[in-house]
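Thanks for making room for this on the agenda. I would like to take you through one model, going from one region to the next, and I will keep to what can be read from the coordinates.

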Amino acid sequence: MLTLSQIQQDPDKVIQQLQQRGVCHAETLVHRLLNIVQTKKQQQDQLEKINHQLKEHAKTIAQWMKIKTAAQKIDSLKKEISCLKKQQQKEKQQIQGYAQGIQDILVQLPNVFCTTVPIGKYSQDNTIVHERFFIHSLPKVVVPHWDIAQKYDLIDFSIGTKITGTGFPVYKNEGAQLQRALIQFFLTEAIKNGYQEIMLPLLVNHATAFNTGQLPDKEGQMYKIQDHPFYLIPTAEVPLTNLYQKRILSEKDLPIKHVAYTPCFRREAGSWGSNVRGLNRLHQFDKVEIVEIHTPQQSFQAFKKMIAYVQQLLEKLQLTYRKVLLCSGDLGFTAYCTYDFEVYAPGQKKWLEVSSVSHFDTYQAHRLQLKYEEDEQQRKHWVHTLNGSALALPRVMASLLETYQTAQGIQIPSVLLPYAYHLRESTVFRV
RNA sequence: AGAGGGUUGGCGGAGUGGUCGAACGCGGCGGUCUUGAAAACCGUUGUGCCUGCAAGGGUACCGGGGGUUCGAAUCCCUCACCCUCUGCCA
């Protein structure tokens with residue numbers, strides 16, 4: 001969340017950036033916000049004066065209680081008090097209203113963004129900053145992964161539909177094993193790179209979903225449990241980052257680097273076009289997520305390293321990929337800067353997003369109430385949070401099946417062989 | 001899920017209606033003593049907001065929210081969490 005002081009410092013810059021992110025009425029919102037803040041402050045002053053008087057009166061009564069003859073004086077003072085209390089009540093209500101108004105505006109403002117972010121409205125305005133092609137010998141007829149999955153009995157989409165509904169695929173045989181191998185590969189790579197593995201709850205409460213920015217912005221995208229105030233996580237980012245809600249870390253605790261594998265659940269309401277097939281978009285999918293917490297001084301260096309880390313995963317899998325710097329209009333609600341990684345799926349002739357690596361600056365820290373204390377001066381500062389998919393499984397699987405298809409079957413990338421105990425032959429033959 | 005007990009400052013732990021932001025102990029910080037350290041002793045020690053150049057002043061906060069009262073950490077309601085017992089279950 002943006003803080004009031006952030007906005008007050010340079011309202012015009014905030015307005016401009018919000019507009020560039022596509023926030024409607026950014027100017028009106030910010031101005032209204034600043035107005036309410038001003039009014040609330042004045043009101044607060046008055047309330048505090050009343051509170052002070054009431055406190056004094058209470059003390060006076062306490063004194064008078066000791067004297068028996070003061071009963072009359074007490075009564076008349078009580079009358080005065082009841083008058084003050086009416087005022088107090090009124091002020092309180094108004095202030096509460098203002099506070100709510102401020103909160104209502106603040107929670108709907110997305111983050112500001114980094115100077116390196118290109119200005120643009122749509123994904124076409126994103127900048128492709130890097131591309132890497134890997135040449136694989138493809139068969140004459142290159143097919144999409146859903147055909148491959150069916151041919152070799154790797155994934156059953158229709159049975160998933162019967163069990164649950166569309167978007168819940170069932171992985172079978174080598175499909176399941178390959179999935180497991182990928183998870184294991186991603187986790188092991190992360191651990192080798194200094195990430196601490198965490199296993200997390202898949203259900204979170206309202207506050208947790210708010211802290212990382214999913215609420216109220218993405219309320220409609222999350223599954224909610226009916227009889228409990230819980231949401232199914234749309235990404236491990238939510239519980240993982242929230243491990244540190246309401247904390248003051250000491251500087252020597254930083255950096256924090258975590259990795260977690262979880263299933264993710266998304267309603268994907270409204271985004272189910274006819275071109276969504278196979279593994280391209282699902283309601284439940286697996287993902288390995290990395291989260292880092294840093295001091296502001298170190299976070300940008302760390303961001304670069306995270307990006308490089310995700311990049312080398314794709315290098316190791318030898319999937320053709322490109323790295324995309326998101327433009328202002330395409331940034332996620334909480335992001336200060338984001339790089340997406342897309343892999344090429346030759347069967348569909350499409351680029352599929354498999355990772356989003358984001359720097360959140362202090363936006364999440366504000367909501368999490370997460371600070372760190374400088375070792376030497378004991379001064380407290382907001383931390384910077386970062387996260388990235390490393391990686392999201394289904395589209396990696398899609399690209400992998402399509403990229404590594406041969407006339408005989410699917411060739412398994414050699415880096416996965418240590419993790420794929422049942423796939424030693426390096427090729428899947430099932431017809 | 002039912003019954004009972006609990007939630008107080010960095011930690012432990014008092015406090016059941018009146019000047020309580022909260023005894024006491026530990027820890028932390030500063031000092032005395034010491035060549036240095038320990039021990040001992042003395043002092044100090046929560047956070048947010050408003051106001052002030054500052055010193056200071058004001059206000060809010062004893063799990064969250066609401067209520068009773070002139071006055072609430074203390075009484076009432078409610079929610080959350082923790083502990084114990086009973087039940088159920090992977």
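I will start with the RNA, then move to helix 2, the strands, two single residues and finally the cysteines.

Please keep in mind throughout that what you see is a predicted model, so every value I quote is computed from predicted coordinates.

Let me begin at the surface near RNA strand B, where 14 residues surround the strand, and those that come nearest are Asp45, His52, Ala58, Gln63 and Lys85. If we look from the RNA side, sugar and phosphate account for 60% of the atoms of RNA strand B that come within 4 Å of the protein. The bases are contacted too, and I will mention three cases. In the side chain of Glu48, an N or O atom is 3.2 Å from a base nitrogen of RNA strand B. Ala58 uses its backbone, with an N or O atom there lying 3.1 Å from a base nitrogen of the RNA. For Gln63, a polar side-chain atom lies 2.3 Å from a base oxygen of RNA strand B.

Which elements give two or more residues to this surface? They are helix 3 and helix 4, the latter spanning residues 71-107, and the largest share, ten residues, comes from helix 3. In terms of residue character, the surface near RNA strand B divides into five nonpolar, four polar and five charged residues.

Helix 3 appears again when we turn to helix 2, which covers residues 11-20 and in which Val14, Ile15, Gln17 and Leu18 are buried. The cover over those buried residues includes helix 1, residues 4-9, and helix 3, residues 26-65. After helix 2 comes Gly22, which has a positive phi, near 95°.

Now to the strands, beginning with strand 8, residues 256-265. Eight of its ten residues are buried, so strand 8 is largely enclosed by the rest of the structure. As for its partners, strand 4, residues 196-197, runs parallel to strand 8 and is joined to it by two bridges, with Glu197 standing opposite Val259 of strand 8. Strand 9, residues 284-294, pairs with strand 8 in the antiparallel sense over ten bridges, and here Cys264 has Phe285 in strand 9 as its bridge partner.

A further set of pairings involves strand 12, residues 350-359, which runs antiparallel to strand 11, residues 337-345, with nine bridges joining the two. Ala345 is bridged to Lys350 in strand 12. These two strands form a hairpin with four residues between them, and in the turn Lys349 has a positive phi of about 55°. Strand 12 is also joined by three bridges to strand 15, residues 384-392, again running antiparallel, and the bridge partner of Val357 in strand 15 is Gly388.

I would next like to pause on two single residues. Gln311 lies in helix 10, residues 296-317, and with a relative accessible area of 14% it falls under the 20% cut-off, so Gln311 counts as buried. Setting aside residues up to four places away in sequence, Gln311 touches His130, Tyr321, Lys323 and Phe341.

The other residue is Tyr372, in strand 13, residues 370-373, which is buried at 2% relative accessibility. Beyond its neighbours within four places in sequence, Tyr372 is in contact with a list of residues that includes Ile248, Leu249, Leu254, Pro296, Arg379 and Trp382. To give a sense of distance across the model, the C-alpha atoms of Tyr372 and Ile74 are separated by 51 Å, the two residues being 298 places apart along the chain.

Finally, the cysteines. How many disulfides does the model contain? With a pair of cysteine sulfur atoms required to be within 2.5 Å, the count comes to zero. Cys327 illustrates this, as its nearest cysteine sulfur belongs to Cys337 and is 12 Å away, and Cys327 is therefore in no disulfide by that cut-off. Is Cys327 buried or exposed? Its relative accessible area is 0%, so Cys327 is buried, whereas Cys83 is partly exposed, with a relative accessible area of 47%.

That brings me to the end of the regions I wanted to show, and I am happy to go back to any of them.

Terms used: Residues are numbered from 1 along each chain as its sequence is written. Chains are lettered from A and ligands numbered from 1 in the order in which they are written. This is a predicted model: local features need pLDDT of at least 70, side-chain atom pairs count only at pLDDT 80 or more; totals for chains, interfaces and linings use all residues. Side-chain values use heavy atoms; hydrogens and water are left out. Buried means under 20% relative accessible area, exposed over 50%, partly exposed in between (1.4 Å probe, protein chains only). Contact means heavy atoms within 4.5 Å. A residue is near a molecule or strand if one of its heavy atoms lies within 4 Å of it. A polar contact is a pair of N or O atoms within 3.5 Å; within protein, one must be able to donate a hydrogen and the other to accept it, and residues adjacent in sequence count only if both atoms are side-chain atoms. Ala, Val, Leu, Ile, Met, Phe, Trp, Tyr, Cys and Pro count as nonpolar, Asp, Glu, Lys and Arg as charged, and the others, Gly among them, as polar. Two strands pair if DSSP finds at least two bridges between them.
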